[in-house]
Structure formats: C-alpha cells, structure tokens
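Trainee: Please take me through the labels used on this structure. I'd like each one held against its cut-off.

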Amino acid sequence: MMLGVMLLFDGGLMAIGNILFLCGITTIIGPKSTFIFFSRKEKLKGTVCFLGGIFLVISKYPILGFIVEIFGFLNLFGDFFPVVFGFLKRLPIIGPILSHPILQKFVPRESRTRV
C-alpha cells in the first residue's frame with residue numbers, strides 16, 4: 001500500500017507524465033493551436049497554475065505540485081467535462097450507470113451550445 005502511494009507521488013514519474021501530456025496535446029492539435037489554447041486570456045489562470053505545478057513537481061515538491069496542477073487542469077479543461085460525460089452516457093454499459101438518479105446529481109449535463 002505504501003509503495004503505491006510513494007510511486008503515485010514520485011517526482012520523476014510525475015515530471016515524465018507531465019512532459020508526455022504536453023507533448024501529446026501538441027501532437028494532437030498542433031503547436032500553434034496548443035500555444036493559442038494555453039495563452040488565451042480566460043485560460044491564463046489555469047495555464048499559470050498548471051505550469052507552476054509542473055515546476056513544483058520538478059523542484060521536488062510533488063504533492064504540492066500535484067494539487068496546484070489539478071487546480072490548473074480543472075481551470076483549463078473544465079469546459080470539456082460535460083461533453084465527455086455526454087459521450088459516456090451514450091455507451092452501452094457506462095451510460096445506464098451514469099443515468100442512475102443518484103448519480104444524476106453529480107454528473108454534469110452536456111452543453112447544448114456548439115462552437
């Protein structure tokens with residue numbers, strides 16, 4: 001149990017994961033679109049927190065860095081969660097589980113506005 005927690009907050013593994021995450025986004029949407037996404041004015045707080053969390057992880061503060069990264073990640077990608085849950089609700093096994101009345105209170109509804 002303790003080994004799993006130690007590996008979860010291993011600074012080296014977290015740094016590699018962060019770098020691969022950023023490289024993956026850049027590969028999928030392209031360098032220009034990635035820069036535009038992270039530098040938008042409404043996403044600036046999330047970008048600063050996410051990159052600051054990466055810096056804290058690299059600086060040997062993995063738990064604090066992880067918390068700051070999560071805050072930044074939610075600010076950056078929080079708009080996508082309703083779309084993801086809308087997709088998951090259409091899947092055969094997961095859909096009925098997410099459509100359960102108890103879980104409906106916690107699962108966000110899919111946004112009707114399309115950009």
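Mentor: Start with burial: a residue is buried under 20% relative accessible area, exposed over 50%, and partly exposed in between, using a 1.4 Å probe and protein chains only. Keep in mind that this is a predicted model, where local features need pLDDT of at least 70, side-chain atom pairs count only at pLDDT 80 or more, and totals for chains, interfaces and linings use all residues. Numbering runs from 1 along each chain as its sequence is written, and side-chain values use heavy atoms, with hydrogens and water left out.

Trainee: Why does F77 count as buried?

Mentor: F77 has 13% relative accessibility, and the cut-off is under 20%, so the label is buried. F21 comes out at 30% and F73 at 27%, so both land in the partly exposed range.

Trainee: What makes F21 and F77 an edge-to-face pair?

Mentor: Two ring values decide it: the distance of the centres and the angle of the planes. Rings of Phe, Tyr and Trp (its six-membered ring) pair if their centres lie within 6.5 Å; planes under 30 degrees apart are stacked, over 60 edge-to-face, and the rest tilted. F21 and F77 have centres 6.0 Å apart and planes at 85°, so the pair is edge-to-face. The pair also joins distant parts of the chain, with F21 in helix 2 (residues 11–29) and F77 in helix 5, 56 residues apart.

Trainee: And why is the pair of F73 and F77 called tilted?

Mentor: Their centres are 4.9 Å apart and the planes make 45°; that angle is neither under 30 nor over 60 degrees, so tilted is what remains. F73 and F77 are four residues apart in helix 5, about one turn of the helix. The count is eight aromatic pairs, and F21, F37, F38, F50, F73, F77 and F80 form one aromatic cluster.

Trainee: What makes a set of residues a nonpolar core?

Mentor: The members are buried Ala, Val, Leu, Ile, Met, Phe, Trp, Tyr and Cys residues, joined through side-chain atoms within 4.5 Å. The largest such core here has seven residues: I25, F37, F38, F50, I54, L76 and F77. Helix 3 (31–39), helix 4 (44–58) and helix 5 each supply at least two of them. As for F37, leaving aside neighbours within four places in sequence, its contacts (heavy atoms within 4.5 Å) are K43, L76, F77 and F80.

Trainee: How do you know that D79 and K43 form a salt bridge?

Mentor: Side chains of opposite charge can pair when their charged atoms come close. The rule asks for a side-chain nitrogen of Lys or Arg within 4 Å of a carboxyl oxygen of Asp or Glu. For D79 and K43 the closest N and O atoms are 3.1 Å apart, so the pair passes that 4 Å limit. D79 sits in the loop between helix 5 and helix 6 (81–89) and K43 in the loop between helix 3 and helix 4, 36 residues apart.

Trainee: Are the two partners, D79 and K43, buried or exposed?

Mentor: D79 is exposed at 55% relative accessibility, whereas K43 is buried at 4%. The count comes to two salt bridges. E42 and R40 form one as well, with the closest N and O atoms 2.9 Å apart. E42 is exposed at 58% and R40 partly exposed at 32%.

Trainee: What makes E69 stand without a salt bridge?

Mentor: For charge, Lys and Arg count as positive and Asp and Glu as negative, with His and the chain ends not counted. E69 is buried, and the nearest side chain of opposite charge, K60, is 13 Å away, so the 4 Å rule is not met. E69 lies in helix 5 (residues 62–77) and touches N18, C49, F50, G53, I54 and V57, not counting residues up to four places away in sequence.

Trainee: Why is N75, also in helix 5, called partly exposed?

Mentor: N75 has 29% relative accessibility, which falls between the 20% and 50% cut-offs, so partly exposed fits. Beyond four places in sequence, N75 contacts K43, K45 and G46.

Trainee: How many helices and strands does the chain have?

Mentor: Eight helices and zero strands. Helices (H or I, at least four residues) and strands (E, at least two) are DSSP runs, numbered from the N terminus. Of the 115 residues, 24% count as buried.
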